[in-house]
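Colleague: I would like to learn how to read burial, strand pairing and helix packing. Please take me through one case of each.

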Amino acid sequence: MAFKKDFLWGGATAANQYEGGFAEDGKGLNAIDVLTNGSATEPRKVTWVRSDGTTGATPLEWGSAFELPAGARPALVDGYYYPSHTATDFYHHYEEDLKLMAEMGFKCYRFSFAWSRIFPTGEEDVPNEEGLRFYEEMIDELLRNHIEPVVTICHFDVPLALEQKYGSWRSRKLIDAYLRYCEVIFKRFHGKVQYWMTFNEINMLMHLPFMGAGISFHEGENEMQIKYQAAHHELVASALATKLAHEINPDNKIGCMLAAGQFYPYSCDPEDIWAAMEKDRVNYFFIDVQSRGEYPAYAKKQMMRENIQILTEPEDERILRENTVDYIAFSYYSSRMTSAHPHPEIETSGNAFKTLRNPYLKASEWGWQIDPVGLRITMNCLYDRYQKPLFIVENGL
């Protein structure tokens, strides 16, 4: 079967993993810029400093909340290697890289803007012109090569100054900062960029809050309360950005983005099937709100049971209801498997968190399971649930 002529086939990168130039031409630090390298045996670490000048680094454990020591704030510390600072140096080699993409036959290229390259602290009155010029020149080069730009507005890329001052998305102040950023880029790239995504893998806030949303915790805090409050702020920001994008250019297409991969039950035990359904709901929560325009009943019930009380503004329900997304974007690296009962003997690695090893699947050297049928299952589940166009924007083996 041949693809349609307008089918968007291409590739994807993220500014914090690919761009480099971390402190050039006025760019500010973002949360990922204080994340060190890791290895097969050593986790990556977040470096920090206290007001008395003492420094250190705390491991970022995958699948768990990140806690800073008392009185510490994320910061650069001498003596550590930070991969995001150079990455693959796209900042200085984008013309060569885009030429290679064109030679490969790319019809689209999904990439992200570094928020702190445009607003170094997130709160400037005037954006950084050097940052905007870089993206404009890069987008113009894409268009010359007949490659459709697909822009992720925030790909794990909160300005570090906003994390240090407000605690990142725990504060509602981030909504205004985000919308100021959105307005600038929607107007600057009017007619050049049509496809936008508000947040990369927005559900990673629940699994990797520091990497996904720049959120760290201190001992004794109610982590679920903070995560759901931050989630509400991101969801309202996404809806308002969708509204703004449509007002500035009715041709804009705005998508949400999910770290997808269906959960299989370990067995046909009804408790295992229920456990898989609950895991899927944790991931679907954000997309249910962004696509359907309201909090799902299961989420409301969970928050009630766990005594999670989200602070909202009177207009929030209307904002969410009236500004749903145009399409569902998602990443798919593998399916997952879960059980109502512990099975540590068959755990394996996955995208951001562990899963149970499926005996019917092969796995990569990382332990990530290879499941092409799972992609079809995931897509059908997403379409059956939302009936909106689907956009695969990251995928693995």
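Colleague: Is strand 10 (residues 327-332) enclosed or open, and how many of its residues are buried?

Modeller: Buried means under 20% relative accessible area, with exposed over 50% and partly exposed in between (1.4 Å probe, protein chains only). In strand 10, 6 of the 6 residues are buried, so the rest of the structure largely encloses it. This is a predicted model: local features need pLDDT of at least 70, side-chain atom pairs count only at pLDDT 80 or more, and totals for chains, interfaces and linings use all residues. Residues are numbered from 1 along each chain as its sequence is written, and side-chain values use heavy atoms, leaving out hydrogens and water.

Colleague: Which residues cover each face of strand 10?

Modeller: Side chains in a regular strand alternate between the two faces of the sheet. Here Tyr 327, Ala 329 and Ser 331 are buried on one side, and Ile 328, Phe 330 and Tyr 332 on the other.

Colleague: Which strand pairs with strand 10 over 6 bridges, and in what sense?

Modeller: Strands are DSSP runs of E, at least two residues, numbered from the N terminus; two of them pair if DSSP finds at least two bridges between them. Strand 8 (residues 253-260) pairs with strand 10 in the parallel sense, and Ala 259 stands opposite Ser 331. Strand 16 (residues 390-395) also pairs with strand 10 in the parallel sense, over 5 bridges, with Leu 390 as the bridge partner of Ile 328.

Colleague: What is the handedness of the crossing of helix 4 and helix 6?

Modeller: A crossing is right-handed if the near helix is turned clockwise from the far one by less than a right angle, left-handed if anticlockwise; helices are DSSP runs of H or I, at least four residues. The crossing of helix 4 and helix 6 is right-handed.
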